[in-house]
Amino acid sequence: MTVEGLPTTEARRLLPVLREIADEVGPGAGRQGRVADYIPALSGVDPAAFGFAVAGVDGEVLGVDGWRTPFSIQSVSKVFSLALALAGGGESLWARVGREPSGNPFNSLVQLEHEDGIPRNPFINAGALVVTDRLLTLTGDARGAVLDLLRAESGNPDIDFDPDVARSEAARGDRNAALAHFMAGYGNLENPVAHVLEHYFWQCSIAMSCRDLAAAGLFLARHGLRGDGSRLLDRSAAKRINSIMLTCGAYDAAGEFAYRVGLPGKSGVGGGILAVVPGRCTLCVWSPALDRHGNSVAGVDALDRFTTLTGLSVF
Ligand SMILES: NC(=O)CC[C@H](N)C(=O)O
């Protein structure tokens, strides 16, 4: 029981652990790694920023330091577009994208030719472009569908795209354009390349805080149930997304992430990482300085310490 006599929630119980970790990791944030600058609009972010939030399956969200500061969610959006594509279109997606770790950088082209235009998994860029294409076919507005889901599940209607980030990425989008055109050449896109790219860039540009992302990801900890009690995914689909996050969520460092953290997680080059403790809670950590794989240095460190201190991993 807490001092107020209310039952201790998961978030309240874990908040002191987040505080302890932030005191250890936060002061060093930005000393190792580099902020992503291949998307120019991301390059001005403070490398020393740090935020950490925990959301219990009851919906309570608490956090420390910069947990309410919005940042560019980038590839963390890939979890939500995948959830919507599976919820709306089912298993047929898997004819067009695989479920194996790639072992290659998130924007790599090399595997695609060997594997006939079928991306290894939905969390590398090529795979996410296929998922966006599927969502476009299903909804007519992939980026709008992702934004609506994020607003609804976080309970924050003010979440929005960042047009500067979206335009900046489009202006430097040659690699993603190459991936999309290459897959179109293999017949693995249903919509025009320019349309798919636009929706992908805008979806990546969404700005959210650790608070909002931890809350929005709770359906993954609730085995597919949304905040209003309705079902987004059946239990099996939720399990599968968590599994792919564990094996593919940190690009070509997914093995190292699983080794150190032991949780399903998805990182983005904005420095955010969403992690899931199924049945218990979600965590979102943010610190913009990245390692050479594109994962937040302080973010992975914080999650590593979290599972070490609490024993809350899937193993
Ligand atoms: N790893 C990432 O977060 C990459 C996302 C970024 N929008 C890109 O396509 O390059």
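**Entry 1: terms and model**

I take helices (H or I, at least four residues) and strands (E, at least two) as DSSP runs, numbered from the N terminus. The structure I consulted is a predicted model.

**Entry 2: Tyr251**

I looked up Tyr251 and found it in the loop between α11 and α12, the latter spanning 254-260. I then asked whether Tyr251 is buried or exposed. Tyr251 is buried, because 25 other C-beta atoms lie within 10 Å, and the cut-off for buried is 20 or more. I also read its backbone angle: phi is near 60°, a positive value in a residue other than glycine. I noted for comparison that most residues other than glycine have a negative phi. In UniProt, an unreviewed entry lists Tyr251 under "binding site".

**Entry 3: His223**

I turned to another residue with a positive phi. His223 is not a glycine, yet its phi is about 55°. I located His223 in the loop between α10 (218-221) and α11 (235-248). His223 has 18 C-beta neighbours inside 10 Å and therefore counts as partly exposed.

**Entry 4: Ala238 and Phe219**

I followed His223 to one of its contacts. Ala238 lies in helix α11 and, leaving aside neighbours within four places in sequence, is in contact with Phe219, Leu220, His223, Gly224 and Leu233. Ala238 counts as buried, since 23 C-beta neighbours fall inside 10 Å. I also recorded a separation: Ala238 and Ala95 are 143 residues apart in sequence and 19 Å apart in space, C-alpha to C-alpha.

Phe219 sits in helix α10. I counted Phe219 as buried because it has 25 other C-beta atoms within 10 Å. Beyond residues up to four places away in sequence, Phe219 touches Glu153, Gly224, Leu225, Arg226, Leu232, Leu233 and Ala238. The C-alpha atoms of Phe219 and Ala207 are separated by 20 Å, with their positions 12 residues apart along the chain.

**Entry 5: helices α4 and α8**

I next examined a pair of helices. Two packed helices are described by the angle between their axes and the distance between the axes. What are the values for α4 and α8? The axes of α4 (residues 125-139) and α8 (residues 193-204) come within 9 Å and cross at roughly 105°. This makes α4 roughly perpendicular to α8, because angles of 65 to 115 degrees are counted that way.

I listed the residues that meet: α4 supplies Ala128, Leu129, Thr132, Asp133 and Leu136, and α8 supplies His195, Val196, His199, Tyr200 and Gln203. By type, the residues of this contact divide into five nonpolar, four polar and one charged.

**Entry 6: Tyr200**

I singled out Tyr200, which lies in helix α8 and is also among the "binding site" positions listed by UniProt in an unreviewed entry. Tyr200 is buried, as 30 other C-beta atoms lie within 10 Å. Not counting residues up to four places away in sequence, Tyr200 touches Ala128, Leu129, Thr132 and Asn176.

**Entry 7: Thr137 and Val146**

I checked Thr137, which lies in helix α4. Thr137 has 15 other C-beta atoms within 10 Å and is therefore partly exposed. Apart from residues up to four places away in sequence, Thr137 touches Glu190 and Asn191. The C-alpha atoms of Thr137 and Ala177 are separated by 19 Å, and the two residues are 40 apart along the chain.

I placed Val146 in helix α5 (residues 142-154). Val146 is buried, because 27 other C-beta atoms lie within 10 Å. Its contacts, setting aside residues up to four places away in sequence, are Ser77, Phe80, Ser81, Leu84 and Gln203.

**Entry 8: the ligand and Val269**

Finally I asked which residues surround the ligand. I found Gln74, Ser75, Phe106, Asn107, Asn125, Glu169, Asn176, Cys204, Gly268, Val269 and Gly294. This shell divides into three nonpolar, seven polar and one charged. I then consulted UniProt, whose unreviewed entry lists Ser75, Asn125, Glu169, Asn176, Tyr200, Tyr251 and Val269 for "binding site".

I looked more closely at Val269, which is in the loop between β5 (265-267) and β6 (272-277). Val269 counts as buried because of its 26 C-beta neighbours inside 10 Å. Leaving aside neighbours within four places in sequence, I found Val269 in contact with Ala36, Leu42, Gln74, Ser75, Leu290 and Gly294.

Definitions and conventions
Residues numbered from 1 in each chain as written. Predicted model: local features only at pLDDT ≥ 70, side-chain atom pairs only at ≥ 80, totals over all residues. Axes fitted to C-alpha atoms, helices over the stretch in contact; angles between N-to-C directions. Parallel < 35°, antiparallel > 145°, perpendicular 65-115°, else oblique. Contact = placed C-beta atoms within 7 Å. Nonpolar A, V, L, I, M, F, W, Y, C, P; charged D, E, K, R; others polar. UniProt positions renumbered as here; feature names shortened; annotations may be inferred. Buried ≥ 20, exposed ≤ 12 C-beta atoms within 10 Å, placed from the backbone. Near = placed C-beta within 6 Å.
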